[in-house]
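Trainee: Please take a close look at the aromatic rings in this model for me. Start with the loops, then set the rings against the rest of the chain.

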Amino acid sequence: VQLQASGGGLVQAGGSLRLSCAASGRSFGGYVMGWFRQAPGKEREFVAVISGRFTTYYGDSVKGRFTISRENAKNTVYLQMNSLRPEDTAVYYCAGDRKYAGTYGPQYDYWGRGTQVTVSS
């Protein structure tokens, strides 16, 4: 499975962005898909995950502001980000795995290149 994230950019605080992650390969619907982010000088942080059955889970810092969703017919997972804050500035990565649905990044088998999100104050 190859993953390609897109949709990042520069936005003012309080604004919104929607990230997309397109996946190649078969059986996308059976994969758990997650979003992670990494800010300069910080460790990679779990953002959100969605299972093949559309169960979702969010990191505390984004709960209530971000929404993860998926469209299996398009082999795509999305991250809708609202009420953005300067501290949301980071490179955002999508990740996939056939089984693991947790928050520990190294457990995911597949990773895409990141997309930069910058939130200005």
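**From loops to rings to core**

Mentor: Asparagine 75 is found in the loop between E7 and E8. In this predicted model, Asparagine 75 stands out for a positive phi of about 50°, although it is not a glycine. Most residues other than glycine have a negative phi, which is the reason to pause at a value like that. Phenylalanine 54 is another case: its phi is positive too, at about 70°, and it is not a glycine either. You will find Phenylalanine 54 in the loop between E5 and E6. Its relative accessibility is 46%, so it counts as partly exposed, below the 50% that exposed residues must pass.

Now to the rings you asked about. A pair of aromatic rings is described by the distance of the centres and the angle of the planes. With centres required to lie within 6.5 Å, the model holds 7 aromatic pairs. Take tyrosine 100 and tyrosine 108: their ring centres are 5.4 Å apart and their planes stand at 80°, so this pair is edge-to-face, the label for angles over 60 degrees. The two partners differ in their cover. Tyrosine 108 has a relative accessible area of 3%, under the 20% limit, and is therefore buried. Tyrosine 100, at 24%, is over that limit and so counts as partly exposed. Tyrosine 108 also pairs with tryptophan 111, where the ring centres are 6.3 Å apart and the planes meet at 70°, so this pair is edge-to-face as well. Tryptophan 111 is itself partly exposed, because its relative accessibility is 28%.

These pairs belong to a wider group: ring pairs link Phe36, Phe46, Tyr57, Tyr100, Tyr108 and Trp111 into a cluster. A charge joins the picture at tryptophan 111, since arginine 44 lies over the face of that ring, 4.2 Å from the ring centre. You can see another charge over a ring elsewhere: the charged end of arginine 70 sits over phenylalanine 28, 4.7 Å from the centre of its ring.

Next, the frame that carries these rings. The protein has 0 helices and 11 strands, and read along the sequence its pattern is β-β-β-β-β-β-β-β-β-β-β. Its radius of gyration is 13 Å, close to the 14 Å that the globule rule gives for 121 residues, so the protein is as compact as a globular protein of that length. Along the principal axes, the C-alpha trace spans about 40 × 25 × 25 Å. Among contacts between residues at least 6 apart in sequence, 56% join residues at least 24 apart. Buried residues make up 43% of the 121 residues. The protein exposes about 6400 Å², and carbon and sulfur atoms supply 45% of that area.

In soluble globular proteins, nonpolar side chains tend to be buried together. Here, the largest nonpolar core has 28 residues, and Trp35, Leu79, Met81 and Tyr92 are those with the most contacts inside it. Strands that each supply at least two residues of this core include E1 (3–6), E4 (32–38), E8 (76–81) and E9 (90–97). E3 gives the most, with 4 residues. Apart from this core lies another, of 6 residues, among them Val32, Phe36, Phe46 and Val49. Here you meet the rings again, as Phe36 and Phe46 are also members of the aromatic cluster.

Two residues show the surface side. Glutamine 12 is in strand E2 (residues 9–12), and its relative accessible area of 59% makes it exposed. Its C-alpha atom is separated by 8.3 Å from that of threonine 118, although the two are 106 residues apart along the chain. Leaving aside residues up to four places away in sequence, glutamine 12 touches Val119 and Ser120. Aspartate 60 has its place in the loop between strand E6 (56–58) and E7, and is exposed, with a relative accessible area of 65%. Aspartate 60 is 12 residues from alanine 48 in sequence, with 9.5 Å between their C-alpha atoms.

Technical notes. Residues are numbered from 1 along each chain as its sequence is written. Side-chain values use heavy atoms; hydrogens and water are left out. Rings of Phe, Tyr and Trp (its six-membered ring) pair if their centres lie within 6.5 Å; planes under 30 degrees apart count as stacked, over 60 as edge-to-face and the rest as tilted. Buried means under 20% relative accessible area, exposed over 50%, partly exposed in between (1.4 Å probe, protein chains only). A charge sits over a ring if NZ of Lys or CZ of Arg is within 6 Å of the ring centre and within 35 degrees of the ring normal. The radius of gyration is taken over C-alpha atoms; the globule rule is 2.2 Å times the number of residues to the power 0.38. Contact means heavy atoms within 4.5 Å. Accessible areas come from the Shrake-Rupley method with a 1.4 Å probe; for residues, only the protein chains shown count as cover. A nonpolar core is a set of buried Ala, Val, Leu, Ile, Met, Phe, Trp, Tyr and Cys residues joined through side-chain atoms within 4.5 Å.
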